[in-house]
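Biologist: I'd like to learn how to read a structure I've never seen before. Could you walk me through it?

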Amino acid sequence: MEIQPRANKNRPAQQSTKRAVSTLRVAPGLSASAGADKTGRDPRFDAVSKGAVDEHAWRQKYGFVFDKQREEVRQLKSTLASAKAAAKAQHAGAPGAKRKRRKRGASAAALPPHEVEALKLELSRKSNQLMAHDQAAERQRLKSAVRKKEVVAVAAGKRPYYKKAREIREEQLTEQFQQLEKSGRLDNYMAKKRKQRASKQRKALPTYSDYTT
C-alpha cells in the first residue's frame, strides 16, 4: 500500500485512534463524489419519465374511469334516497313501513347519521370530479370545433384567424347558458351565482374588529 505524503511535516503519519470515527463517512476505496451520485429518487416525479402530458389523449384513454364513477354516483344517490325514505317512514311510524322495507330489501333500511354524512361527502366529491371532467371535455370539444373551422377556411383560401382565449371563453359561456336554459336549470344556476357573489362581497366588507384594532 502506497503511503500518501503528508501535506505538512507537523501532521502525524496516521490518523489518531483517539479521534471518534464519524457515522457519515466515506468507505475506504471510495470517493465522496461517488457516494453523492447515489441519491434516492421517486421515478414518478423524475424529469426523465415525466414528459409532457396530453390531457385530451389522457381523458380519451381513461374515459372508462369516469363512466364507472358516474355509475357510482347513481348508486350513491339511490342509496341516500332509499335511506331517507326509510328514515322518514320510521320516524312517522307508518303501519306499512315494515312491509315496504321488507319488499325493498336491506338497501332501504335507515342508516346512522354518520354514515349518511359520509355518503353525502363522497357523493359531493365524485360529483365535483365529474363536473370538472365534463367542463374540460367541453372546452376541448369547442377548441376542436374552432380548429376544424379554421382548417376548412384555410383550405378555401382564407387567411387563418386564431381566436383569443377570451373569445373561446365567451363562446363556452354562451353554450353553457344555452344548455342550462334548455334543461330548465338556468334560474337555479343564476341564483347560486348571485349567492356566491353576495358572499364574496360580504367577506370584503370591513368588520368591527378592523376599526377597533
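**Reading the surface and the rings**

Modeller: Let's begin with charge: helices α6 (113-155) and α8 (186-204) each contribute at least two residues to a patch of positive charge. Keep in mind that this is a predicted model.

Biologist: Which residues gather in that positive patch on the surface?

Modeller: The patch brings together Arg139, Lys143, Arg147, Arg169, Lys192, Lys193, Arg194, Lys195, Arg197, Lys200, Arg202 and Lys203.

Biologist: And which helix gives the most to it?

Modeller: That's α8, with 8 residues. For an example from the other helix, take Arg147, which sits in α6.

Biologist: Is Arg147 buried, partly exposed or exposed?

Modeller: Buried means under 20% relative accessible area, exposed means over 50%, and partly exposed is in between. Arg147 has a relative accessible area of 48%, so it is partly exposed.

Biologist: Let me step back. How many helices and strands does the protein have?

Modeller: There are 9 helices and 0 strands. Going along the sequence, the pattern reads α-α-α-α-α-α-α-α-α.

Biologist: What share of the protein is buried?

Modeller: Of its 213 residues, 13% are buried.

Biologist: Now the rings. How is a pair of aromatic rings described?

Modeller: You give the distance of the centres and the angle of the planes. Searching the whole structure turns up 4 aromatic pairs. In one of them, Trp58 and Tyr62 have ring centres 5.9 Å apart and planes at 40°, so this pair is tilted.

Biologist: Why does it count as tilted?

Modeller: Planes under 30 degrees apart would be stacked and over 60 edge-to-face, so the rest are tilted. With planes at 40°, Trp58 and Tyr62 land in that last group.

Biologist: How accessible are Trp58 and Tyr62?

Modeller: Trp58 is partly exposed at 40% relative accessibility, and Tyr62 is partly exposed at 32%.

Biologist: What about the rings of Phe177 and Tyr189: how are their planes set?

Modeller: Their planes are at 90° and their centres 5.9 Å apart, so that pair is edge-to-face. The pair links distant parts of the chain, with Phe177 in helix α7 (residues 165-183) and Tyr189 in helix α8, 12 residues apart. Phe177 is partly exposed at 30% relative accessibility, and Tyr189 is partly exposed at 21%.

Biologist: Which residues form an aromatic cluster?

Modeller: Trp58 and Tyr62 turn up again here, joined by Phe64 and Phe66 in one cluster.

Methods:
Residues are numbered from 1 along each chain as its sequence is written. This is a predicted model: local features need pLDDT of at least 70, side-chain atom pairs count only at pLDDT 80 or more; totals for chains, interfaces and linings use all residues. Side-chain values use heavy atoms; hydrogens and water are left out. Patches are made of residues with over 30% relative accessible area and no salt bridge: like charges are joined within 9 Å, nonpolar side chains (Val, Leu, Ile, Met, Phe, Trp, Tyr) within 5 Å. Accessible areas come from the Shrake-Rupley method with a 1.4 Å probe; for residues, only the protein chains shown count as cover. A salt bridge is a side-chain nitrogen of Lys or Arg within 4 Å of a carboxyl oxygen of Asp or Glu. Lys and Arg count as positive and Asp and Glu as negative; His and the chain ends are not counted. The place of a charge is taken as NZ of Lys, CZ of Arg, CG of Asp or CD of Glu. Helices (H or I, at least four residues) and strands (E, at least two) are DSSP runs, numbered from the N terminus. Buried means under 20% relative accessible area, exposed over 50%, partly exposed in between (1.4 Å probe, protein chains only). Rings of Phe, Tyr and Trp (its six-membered ring) pair if their centres lie within 6.5 Å; planes under 30 degrees apart count as stacked, over 60 as edge-to-face and the rest as tilted.
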